[in-house]
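This report covers helix packing, aromatic contacts and a few backbone details. Keep the structure open beside the text.

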Amino acid sequence: MKRINEYKKLFKVEGAISLKELKTTYRGLVKQWHPDKFQDEEEKIEAEKASLKIIDGYHFLVSIAPETKEANLEEYKKTITESQVADYHHKSMLLEVTFTDGNTYEYFGVNHKLFLKFVNSKSINNFGRRNIFNSFTYRKSKKGTVEA
């Protein structure tokens, strides 16, 4: 959640994320912080760092935007209903789940107590569908590999 709030603050996003507004803000920030605009070497290095953060933030916010999630909803539902949980990692409030179809999703705001319930449940797939996969902000972090 900290990462989401940090990027929303950087892009001055309040409430739901609009891809059109996000793109406009992104272009303005990239122009403002482009390293070629700066002559001083220290300023150039700072601008490079800021540019990388802006680019990372843009891609991150696009991945959790309602429009992006809606466009990929069919694939997401197929993954969480037809595939099994193959692997998972939890750090802080981030749960990363890899499914048997190869797709990996990150779920934000999953606390340690809920993670322990997930791990210790009789069926992590059912528990995940009921309590995590449809309840928390998520984003696709890795695409599945298609085997021939």
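Helix 2 and helix 3 run roughly antiparallel to each other, because their angle of about 175° is over the 145 degrees set for that label. The model is predicted. Helix 2 spans residues 19-32 and helix 3 residues 41-64, and their axes are 10 Å apart. From helix 2, the contact takes in Leu19, Leu22, Lys23, Tyr26, Leu29 and Val30. Helix 3 answers with Ile54, Ile55, Tyr58, Leu61 and Val62. The contact holds 10 nonpolar residues, 1 charged residue and no polar ones.

A second helix pair involves helix 6 (residues 112-120) and helix 7 (residues 124-131). Here the packing angle is about 145° and the axes are 7 Å apart. Helix 6 brings Leu114, Lys117, Phe118 and Val119 to the contact. Helix 7 brings Ile124, Phe127, Gly128 and Asn131. By type, these residues divide into 5 nonpolar, 2 polar and 1 charged.

The two packings are set out below.

| Helices | Angle | Axis distance | Residue types in the contact |
|---|---|---|---|
| Helix 2 and helix 3 | about 175° | 10 Å | 10 nonpolar, no polar, 1 charged |
| Helix 6 and helix 7 | about 145° | 7 Å | 5 nonpolar, 2 polar, 1 charged |

Asn120 also belongs to helix 6. Its relative accessibility is 62%, so Asn120 counts as exposed. Asn120 and Pro66 are 54 residues apart in sequence. In space, their C-alpha atoms are 31 Å apart.

Next come the aromatic rings. How many aromatic pairs does the structure hold? There are 15. One of them joins Tyr105 and Tyr138, with ring centres 6.0 Å apart. Their planes stand at 70°, so this pair is edge-to-face. Tyr105 sits in strand 3 (residues 104-108) and Tyr138 in strand 4 (residues 137-142). The pair therefore ties together parts that are 33 residues apart in sequence. Are Tyr105 and Tyr138 buried or exposed? Both are buried.

Phe118 and Phe127 give another pair, with ring centres 6.4 Å apart. Their planes meet at 50°, so the pair is tilted. Phe118 and Phe127 are each buried. These two residues also take part in the contact of helix 6 with helix 7.

Both pairs fall within one aromatic cluster. Its members are Tyr76, Tyr88, Phe99, Tyr105, Tyr107, Phe115, Phe118, Phe127, Phe133 and Tyr138. A charge also sits by Tyr138: Lys69 lies over the face of this ring, at 4.4 Å from the ring centre.

Two backbone details remain. Most residues other than glycine have a negative phi. Lys12 has a positive phi of about 55°, although it is not a glycine. Where is Lys12 placed? Lys12 lies in the loop between helix 1 (2-10) and helix 2. Lys12 counts as exposed because its relative accessibility is 70%.

Ser92 likewise is not a glycine and has a positive phi of about 55°. The loop that holds Ser92 runs between strand 1 (85-91) and strand 2 (94-99). Ser92 has a relative accessible area of 63%, so this residue is exposed.

Key:
Residues numbered from 1 in each chain as written. Predicted model: local features only at pLDDT ≥ 70, side-chain atom pairs only at ≥ 80, totals over all residues. Heavy atoms only, no water. Axes fitted to C-alpha atoms, helices over the stretch in contact; angles between N-to-C directions. Helix = DSSP H or I, 4+ residues; strand = E, 2+ residues; numbered from the N terminus. Parallel < 35°, antiparallel > 145°, perpendicular 65-115°, else oblique. Contact = heavy atoms within 4.5 Å. Nonpolar A, V, L, I, M, F, W, Y, C, P; charged D, E, K, R; others polar. Phe/Tyr/Trp six-rings, centres within 6.5 Å; stacked < 30°, edge-to-face > 60°. Buried < 20%, exposed > 50% of the residue type's maximum accessible area, 1.4 Å probe, protein only. Lys NZ or Arg CZ within 6 Å of the ring centre and 35° of its normal.
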